[in-house]
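The following note sets out several points for a colleague who has the coordinates at hand. The points concern a hairpin, the nonpolar cores, the cysteines and a few individual residues.

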Amino acid sequence: MNCPRCQHPLAVTHIDDCKTSIEVDKCPNCKGVWFDKDELSQIEGIIEPMFIEIRDIPDKQEQFETLHCPKCNNSPRLQKAIHPRDSKVVIDYCPYCDGIWLDKGELEAIQQENFIITIAKIFTCLSRIRSRK
């Protein structure tokens, strides 16, 4: 498969996170990552609390460029969607094979969360548990 962003051949690599290890296709040139169906869902819920969130993602203009599926034979155009965890991340997905393309830095942006938000979620969860008792 070739990179939908820069057309370089994708290289098979592994993403190891906590107890999960998945095989993905990564572009050695632009550092984007192709996730086959359901691969991203295995790791996108992992949250890394950060004191300061620093995003290193492409600008909006680049994120909205037309890309084509590297996996499907007829190379359909990838659809765009705002990621629900981070409104600055525009994911590209194939409606046919359900693969997802993330540009460099987008996975990290999805997984990072401001430390204050993480603490607030913990307190909210604890208060719900207390109210059930």
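Two strands count as paired if DSSP finds at least two bridges between them. The points below apply to a predicted model.

1. The hairpin of β2 and β3. Strand β2 (residues 20-26) and strand β3 (residues 33-35) run antiparallel and are joined by 2 bridges. Within this arrangement, D25 stands opposite W34 in β3. The hairpin has 6 residues between its strands, and K31 takes a positive phi near 70 degrees there.

2. Other positive phi values. Q7 has a phi near 70 degrees, a positive value in a residue other than glycine; Q7 lies in the segment before β1 (11-17). D98, which is not a glycine either, has a positive phi of about 65 degrees. The position of D98 is in the loop between β6 and β7, and its relative accessible area of 37% makes it partly exposed.

3. The largest nonpolar core. This core comprises 14 residues, and I15, F35, L40, I43, L102 and L107 have the most contacts inside it. Two or more of its residues are contributed by each of β2, β3, β6, β7 (100-102) and α2 (106-111). The largest share, 3 residues, comes from α2.

4. F35 and its surroundings. Which residues does F35 touch, not counting residues up to four places away in sequence? They are I15, I22, V24, L40, I43, G99, I100, L102 and L107. Apart from the core described above lies another, of 11 residues, including C3, C27, L67 and L78.

5. The cysteines. How many disulfides does the model contain? The count is 0. A disulfide would require two cysteine sulfur atoms within 2.5 Å. For C69 the closest cysteine sulfur, in C72, is 3.7 Å away, so the pair is too far apart for a bond. C97 is likewise in no disulfide, with its nearest cysteine sulfur, that of C69, at 3.7 Å. Both residues are nevertheless buried: C69 has a relative accessibility of 3%, and C97 has a relative accessibility of 19%. The value for C97 should be read against the cut-off, since buried means under 20% relative accessible area.

6. D92 in strand β6. D92 belongs to strand β6 (residues 86-93). Is D92 buried or exposed? With a relative accessible area of 0%, D92 is buried. Its side chain makes a polar contact with the side chain of K80, at 2.4 Å. Leaving aside neighbours within four places in sequence, D92 is in contact with Q63, L67, L78, Q79, K80, G99, I100, W101 and D103. Among these contacts, L67 and L78 are members of the core of 11 residues.

7. P58 in a loop. P58 is located in the loop between β4 (48-50) and α1 (60-63). Its relative accessibility of 13% places P58 among the buried residues. Although P58 and K104 are 46 residues apart in sequence, their C-alpha atoms are 7.4 Å apart in space. Beyond its neighbours within four places in sequence, P58 is in contact with Q63, D103, K104 and E106. Q63 and D103 also appear among the contacts of D92.

Notes:
Residues numbered from 1 in each chain as written. Predicted model: local features only at pLDDT ≥ 70, side-chain atom pairs only at ≥ 80, totals over all residues. Heavy atoms only, no water. Buried < 20%, exposed > 50% of the residue type's maximum accessible area, 1.4 Å probe, protein only. Helix = DSSP H or I, 4+ residues; strand = E, 2+ residues; numbered from the N terminus. Contact = heavy atoms within 4.5 Å. Polar contact = N/O pair within 3.5 Å; in protein donor to acceptor, adjacent residues only side chain to side chain. Core = buried A, V, L, I, M, F, W, Y, C linked by side-chain atoms within 4.5 Å.
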